[in-house]
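Q: Please take a close look at one single part of this model. Then follow what surrounds that part and go on to the rest of the chain.

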Amino acid sequence: MLLILEAIFDPSFLTHAHGFRPGKGCHTALTEVKRTFFSVKWFIRGNISNCFDIFDHKLLLHLISKRIKDKGFIDLLHKALKSDYMNQEQIFSSDMGTPHGYNLSPILCNILLHGLDEFMLDLQKDFEVQDRNIDSRLHNDSSYKKLIYVRFADEFLLGINGNRADCVMIKEKIGDFLLKNIKLNLNLDKTKIINAKDEAAHFLKTTIIINPLDNRPIRMAPITKLVNILTEKGLAKQGGKPTRSARYLHYETHQIVKHFKQIWLRLSTYYFFADNYSELEKIHYILKYSCIFTLASKLKLKTAKKVFCKFGRNILIRDKENNIIASFPELPLAKPKILPEPLT
């Protein structure tokens, strides 16, 4: 069913929709931000409330039946949507939304929100009152309007050249459209109007700011937030000082090293594009020394120095045949020029 829905619907989705699509993802969405969000004066960071949980089955099936005339397929999809599911040993059944982790959820969400993408395209055309090729020196002209839109699943980011009243109007129009046409609501707590001159927008776990020197977007890894997350997970003390993690003391030595290194690899791979990539050195330091302090505690080595003496600077863990089975090397922190190989 997933293959059929993707084959029929994905080619008609707009390029601004990046969530859960072949060849697209967080990185392509953030690349579009870098390419198109120059000279914007305002951001609107938007979020749709409980999109996967409460969307209307009848509306979705109506949209799908416009393209798929096979009644048997539609009936089967309807049964799949209504089927019971178990979560934490409780059985649930609903006439709205899909179960968490349901493999059809992403494509169904995109089918439903394709209407929002088309609405935003029309709104963009109505809002932009001057030619797209207008000279850049006119960007400060109060009559110059621009609206840029990027969406990833139920999260979207707008870049607007206009005034705050324009932003309020656009936000209200989006909210009205979602409620009347898709029966969904904007999450008002997470949907914010942001002055791009004074504040940053946070989109797909990335901090977006407009460089005042050339009016181009800068995409940054949120270092402070990442440090706070590692602190909450017990890998650092307040202020970002690494500490041992008692929860991993029962793991084998090589498992501890692999675990901490894997966290680093996932973060560094995700933020390979960040303009402040070198600042991830702080994250690497916390993870590596938390790993070292955990090893010191497990092996009763007491100090980091003794761990380095036993395993070397790159924390090489060997098996009985002297083969390296885990390591946590000092990684080069120069910004990669291309996306690293996907993690397996």
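A: The part chosen here is strand E5, in which Glu155, Leu157, Gly159 and Asn161 point one way, while Phe156, Leu158 and Ile160 point the other way, and all of them are buried. In general, side chains in a regular strand alternate between the two faces of the sheet. Buried means under 20% relative accessible area, with exposed over 50% and partly exposed in between (1.4 Å probe, protein chains only). Strands (E, at least two residues) and helices (H or I, at least four) are DSSP runs, numbered from the N terminus.

The model is a predicted one, in which local features need pLDDT of at least 70 and side-chain atom pairs count only at pLDDT 80 or more, while totals for chains, interfaces and linings use all residues. Residues are numbered from 1 along each chain as its sequence is written, and side-chain values use heavy atoms, with hydrogens and water left out.

E5 covers residues 155-161, and seven of its seven residues are buried, so the strand is largely enclosed by the rest of the structure.

E5 is joined to strands E1 and E4. Strand E1 (residues 42-47) runs antiparallel to E5 and is joined to E5 by six bridges. In this pairing (two strands pair if DSSP finds at least two bridges between them), Phe43 stands opposite Gly159 of E5. Strand E4 (residues 146-152) is also antiparallel to E5, and seven bridges join E4 and E5. Here Lys146 stands opposite Asn161 in E5. E4 and E5 make a hairpin with two residues between the strands. In the turn, Ala153 has a positive phi of about 55°.

One of the residues of E5, Leu158, is also touched by Met120. Met120 sits in helix H6 and is buried, with a relative accessible area of 2%. Leaving aside residues up to four places away in sequence, Met120 touches Leu147, Tyr149, Leu158 and Ile174, where contact means heavy atoms within 4.5 Å. Met120 and Leu147 are 27 residues apart along the chain, and their C-alpha atoms are separated by 9.1 Å.

Met120 and Tyr149 also help to line the largest cavity, together with His16, Asp117, Leu121 and Gln124. On a 1 Å grid over the protein atoms alone, a cavity is a set of points where a 1.4 Å probe fits but cannot get out; a pocket is an open set with protein on both sides within 12 Å along at least five of seven lines; and lining residues have an atom within 4 Å of a point. One cavity of 30 Å³ or more is counted by this rule. The largest cavity holds about 50 Å³ of space, a volume being the space filled by probe spheres set on the points, which are joined across faces, edges and corners. Helix H6 (residues 105-127) gives the most to the lining of this cavity, with four residues.

H6 also takes part in the second largest pocket, which has about 310 Å³ of space. This pocket is lined by 15 residues, and Leu63, Ile111, His114, Gly115 and Glu118 are the closest to its centre. Helix H4 (57-65), H6 and helix H7 (164-182) are the elements that give two or more residues to the lining of the second largest pocket. H6 supplies the largest share of that lining, with five residues.

The largest pocket has about 410 Å³ of space. Its lining has 17 residues, and those nearest its centre are Leu204, Lys205, Thr206, Tyr270 and Tyr271. Strand E7, helix H8 (223-232) and helix H9 (253-270) each supply at least two residues of the lining of the largest pocket.

E7 belongs to an open sheet of three strands, in the order E7-E8-E9, with antiparallel pairing. The edge strands of this sheet, E7 (201-203) and E9 (217-220), each pair on one side only. Strand E8 (residues 206-210) is joined to E9 by four bridges, and the two run antiparallel. In that pair, Ile209 stands opposite Ile218 of E9.

For the protein chain as a whole, the count is eleven helices and eleven strands. Of its 344 residues, 46% are buried. Among the contacts in the chain with a separation of 6 or more, 68% are between residues 24 or more positions apart.
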